[in-house]
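User: I am new to this structure and would like to understand how its interior is arranged. Please take me through it by question and answer.

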Amino acid sequence: MLLVHAATFVHLTDLHLDLLFQEGTDPACHVKNQKLKNRNHYGRPKSQCDSPQALVEDTIYQIPTVDCIFFTGDSSRHDRDDIRPTTEQEVKTEISLVASIFQLRNLTVYPTIGNWDIFPQDNIPSGPNKQLQFLSEAWGPFIGHQESFLKGGYYSIYDNNLQMDIISMNTLYWFGYNEEINDCKGKHPGIQQFQWLDQQLSSSKGAILIGHVPPMSLTNRNYLPLCYEQYMDLIFKHQHKIRGQYFGHINSN
């Protein structure tokens, strides 16, 4: 009898931890309002509030035993409170806390970089840079030392349980809101990532791609036009190798 192992994984994205969140608060979720009867321990549905720590912790603690987790970015809160703007230190603290919660669960996690995982949001220049250095240290317990991550925020790891390569892409180098880059031409960091991705897929027997921003054209400011075209060309070239693609950012299925 041949026993086949069915690998299992969870796709988790856009946690947006807000360490300033307080139960029973104003619309910004940061100042208590004693008149509110619903304390909203796990946040406020249908509002602009981000996730309180209790929601993030309990969500991760409730994840069943699986082979791995694809975490497709955005650990920190949105910058929606004009009185209490997001700071670089706050972003780092929230990312580090999310990583430590995963560690407490002893989970295998493959992270990607979200547009709210850097400061200021959306904008990241060519690497190496201090932002990639910090993220490399924060996620080091899960991905180890990856030269490609320090250089460009992307990496590839072979997962023995899934029996395929997990390729984590830095989609911010193709992102229309990243003011540190232009479209994909010349010595563009996005082109360098395409070259790396082509090499990874060429040598792979099967791969899952993960990233934060999904491949959509500039009509909605997701991918820059040339970046979008080159991504789609590469995906079609290696479609027989790609077992799945998982993204976040748009906060919907």
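**Core and ring pairs**

Analyst: In this predicted model, the largest nonpolar core has 64 residues. Those with the most contacts inside this core are Ile-69, Phe-102, Trp-139, Trp-174, Leu-209 and Tyr-231.

User: Which helix gives the most to this core?

Analyst: The core in question is the largest nonpolar one, with 64 residues. Six residues come from the helix that gives the most, and that helix is H2.

User: How many degrees lie between the planes of Phe-102 and Phe-142?

Analyst: Phe-102 belongs to helix H2 (residues 88-104) and Phe-142 to helix H4 (residues 140-143), so the pair links parts of the chain 40 residues apart. Both Phe-102 and Phe-142 are buried. Their rings are 6.4 Å apart, centre to centre, in an edge-to-face pair, and the angle between the planes is 85°.

User: Is Tyr-177, which pairs with Phe-175, buried, partly exposed or exposed?

Analyst: The two rings form a tilted pair, 5.4 Å centre to centre and 55° between the planes. Phe-175 is buried, with a relative accessible area of 1%. For Tyr-177 the relative accessible area is 37%, and because buried means under 20% and exposed over 50%, Tyr-177 is partly exposed.

User: Which residue has its charged end over the ring of Phe-134?

Analyst: The charged end lies 5.4 Å from the centre of the Phe-134 ring. The residue that carries this charged end is Lys-92.

User: How many aromatic pairs does the structure hold?

Analyst: Ring pairs link Phe-9, Phe-70, Tyr-110 and Tyr-246 into a cluster. In the structure, the number of aromatic pairs is 16.

Key
Residues are numbered from 1 along each chain as its sequence is written. This is a predicted model: local features need pLDDT of at least 70, side-chain atom pairs count only at pLDDT 80 or more; totals for chains, interfaces and linings use all residues. Side-chain values use heavy atoms; hydrogens and water are left out. Rings of Phe, Tyr and Trp (its six-membered ring) pair if their centres lie within 6.5 Å; planes under 30 degrees apart count as stacked, over 60 as edge-to-face and the rest as tilted. Helices (H or I, at least four residues) and strands (E, at least two) are DSSP runs, numbered from the N terminus. Buried means under 20% relative accessible area, exposed over 50%, partly exposed in between (1.4 Å probe, protein chains only). A charge sits over a ring if NZ of Lys or CZ of Arg is within 6 Å of the ring centre and within 35 degrees of the ring normal. A nonpolar core is a set of buried Ala, Val, Leu, Ile, Met, Phe, Trp, Tyr and Cys residues joined through side-chain atoms within 4.5 Å.
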